Amino acid sequence: MSTESRDPIAKLREMETSRIGLYAVLLFGLVFYLFPVETAVMTMFKTQDAFIRTVPFAPPNADGFTLEALMTAWNTLRPGLINSMFMAIPATLLSALLGSLTAYGLTTLSWRGQVGVVVFIIAGIFIPYQAVLVPLAQFWYQILPDLLNGFVNTVFGFITGGNWTYPSRNGYLQLLQLSVTHAAYGIPICTLLFRSYYQSISDEMIEAARLDGATAFSIYKNIILPLSLPMFAVTLIYQFTQVYNDLLFALVLVNDPASQVATQRLAALTGGVVQSFNTTMAGAIVAALPTLLVYIFFGEQFAKGVAGET
Amino acid sequence: MREILKRLKTAGDTLRSAVRRDASDEQPVATDGGTETAVGNRRRDTLRNSLPVEWELLESSPFWLPPVLLAGFFVYGAILWNAVLSLTDFQGLGEPDYSSLDFSMYAQMASDGAFWQATQNTLVLLVVFTIFCLALGLLVAILIDQNIRFENTFRTIYLLPMALSFVVTATMWSWVYNARSGVFNQLLRVFNLEGLVITLLKPAAVNADVVQWLSWNTTALAAVIFALIWQFSGYAMVVFLAGLRAIPTEHYEAARVDGASTVRMYMRVIIPQLRASAVSASVVLMVFALKAFDFIYSLRGSQPGANMDILATMMYRVAFDSLQWAYGSAIAIVLFLLALLVIGPYLYSEYRRGEL
């Protein structure tokens, strides 16, 4: 209880001890949030022998230091990293662009009932993906090839006598399917992020442009798009981490070993029967590297995306 | 008081106030985003007055209709299809037989012990994970809000685990929980507590000289929940921090003038105002928990036996490992309904408040 009559010096001293306590708790927090990362980094530089003998937190001793685990992990994961980029970058760009267009159409051009469409699409953020997994697999494995077959046979049937068959799925086709899937499921969250941003853009500007005879498309191109660049940064960064980090869709859609993405390769490394923790930890760090770098350089934008705010 | 007055503005706040200037005649209301509702309505009114509604619909549809159809097909189309598949007895080979639909998969589910166990685990995970994340996030947010130095550094590190994938964090935690040389057991050994923990937590039929966090039924789920709290409490922190920064400084001052202690001030004045933040954070956290598939799938790795199945992992196992696609679809429907139970009321209330 603080009272007015207290000695100001004593009060100050009390404040200082409470400040020290505050920083102590915050530092404990740092330890709590960093220790799994720290022990992973330390472990990846240790030889098999050293990591059994030393404390997990401690750096390797002189003869226990090795880069071998890191090299092994890097070589195992490198194809996966390339595949992940190949899949995640187009998916991210596409979902951000589509989200921006959707948000523009559902915010700036107002009509009755648009909130219903907004609720319809925003709800898509929250569905557990397990609820769409089996149909998704069915769609990519069977329905789409059948549709394409039917289409191609109808169009070219008279040339080939109806015997044209859709080429078998190869690895890169699976990655493309994964990319499209991620783009589609990214639309809801991207729409939400852009919509809350567009809602705060002044109407006067848009109304003035309309009165000058600007079309909806030219308003988007000349006013909205330039204004959305900061929001594009937020959305792209957030969405890239989400797509890159996903395992579930990749497990279902990519079964060609050559086209496995980084998370799949890491999961295989972790789930292996013989666990050599220095290699798996190195794998974790290598697989985390792209999103870690994004986070280190664009932490603020990432946080805004996470909080779903502008 | 002065500390609070000098409160650092986050980039988000600056942005928000900058773009809000067209509504500057309206005083920002702290409680529940009332300002934004007013702004939204006002905009709708002005535009509606200037243009016919049909024209707006026609003109705007090229922008939103294709993405909505695409996402709608993948989300709602797939869910409906999944519901139909759950009524077949599709085994993953050839075409599903749509001619005879019945609820046999749901009957099988009702008598499946593994399903009930997974449901129970899901509910425990949902509740415990969400409560602890909220509590920890709130505590950390309040501490960070005390006008501390290096605020950005603390915030960045607390949020760091969220940037990592489930597979990465699961890999790290499988090492932390490792029975022979993992961090936890080494710590226990340092404090000479290993024997005590083994006596307390060891399942009856097991013979063990080390704590096997991930393969004991008594500890596996708790281990999963603890690691998930580590990964996502930073999210709750960010949401609460935004909520705290939206509370006007006058509220702090008024409580101070009334002679309330810091604890009382937070308990009586500040925390009750964070209701909206708590609701939105808990909805998103529960959705994370329902989706925790990637984490458990990777954490389990090659250590079967321990019971840490949730509905999400069970669904995958049943559908894609055992190729019982119809049964998997049925489990997925239960999971979806559970998610609907969480998000339905939330979306409805957001809709009613004009937040969407």
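Select B:Asp309 and B:Arg317 in this predicted model, and display their side chains, which meet in a salt bridge with an N to O distance of 2.4 Å. The two partners differ in their surroundings, because B:Asp309 is buried, with a relative accessible area of 10%, whereas B:Arg317, at 31% relative accessibility, counts as partly exposed.

Next, select B:Glu350 and B:Arg353, whose side chains also form a salt bridge, here at 3.1 Å from N to O. Which of these partners is buried, and which is partly exposed? B:Glu350 counts as buried at 13% relative accessibility, while B:Arg353 counts as partly exposed at 31%. Elsewhere, salt bridges that share partners join A:Glu300, B:Asp145, B:Glu151, B:Arg155 and B:Arg245 into one network, and the count over all chains comes to nine salt bridges.

To look into that network, centre the view on B:Arg155, whose side chain meets that of B:Glu151 in a salt bridge of 3.1 Å, N to O. Both B:Arg155 and B:Glu151 are buried. Since these residues are four apart in helix H7 (residues 151-163) of chain B, about one helical turn separates them. Now add A:Glu300 to the selection: the side chain of B:Arg155 also meets the side chain of A:Glu300 in a salt bridge, at 3.4 Å from N to O.

That last pair leads to the interface, so colour the two chains separately. The rule finds two salt bridges across the interface of chain B and chain A, and helix H4 (residues 53-85) of chain B gives the most to the side of chain B that touches chain A, with 22 residues. How many residues of each chain are in contact with the other? There are 106 residues of chain B in contact with 117 residues of chain A. The area buried between the two chains is about 10,300 Å², of which carbon and sulfur atoms give 73%, and 22 residue pairs between chain B and chain A are in polar contact, both residues being at pLDDT 80 or more.

Within helix H4 of chain B, select B:Asn82, which counts as buried at 0% relative accessibility. Show what surrounds this residue: leaving aside neighbours within four places in sequence, B:Asn82 is in contact with A:Gln130, A:Ala131, A:Val134 and A:Pro135 from chain A, and with B:Ser329, B:Ala332 and B:Ile333 from chain B.

Move on to helix H14 (residues 275-290) of chain B, which has 16 residues and reaches 22 Å from its first C-alpha to its last, close to the 22 Å expected at 1.5 Å a residue. Its buried residues include B:Ser277, B:Ser280, B:Val284, B:Leu285, B:Phe288 and B:Leu290. To see what they pack against, display H7 again together with helix H6 (113-144), helix H11 (220-245), helix H16 (311-321) and helix H17 (325-352) of chain B.

Finish in chain A with helix H6 (residues 171-198), whose 28 residues reach 39 Å from the first C-alpha to the last, close to the 40 Å expected at 1.5 Å a residue. Where does H6(A) have a kink? Zoom in on A:Ile187, where a kink of about 40° lies shortly before the proline A:Pro188. With the neighbouring parts of the protein shown again, H6(A) is mostly covered, as 22 of its 28 residues are buried.

Note on methods:
Residues numbered from 1 in each chain as written. Chains lettered and ligands numbered in written order. Predicted model: local features only at pLDDT ≥ 70, side-chain atom pairs only at ≥ 80, totals over all residues. Heavy atoms only, no water. Helix = DSSP H or I, 4+ residues; strand = E, 2+ residues; numbered from the N terminus. Expected span 1.5 Å × (residues − 1). Bend = angle between axes of the 7 residues up to and from the residue. Buried < 20%, exposed > 50% of the residue type's maximum accessible area, 1.4 Å probe, protein only. Contact = heavy atoms within 4.5 Å. Buried area = accessible area lost by both parts, 1.4 Å probe. Salt bridge = Lys/Arg side-chain N within 4 Å of Asp/Glu carboxyl O. Polar contact = N/O pair within 3.5 Å; in protein donor to acceptor, adjacent residues only side chain to side chain.
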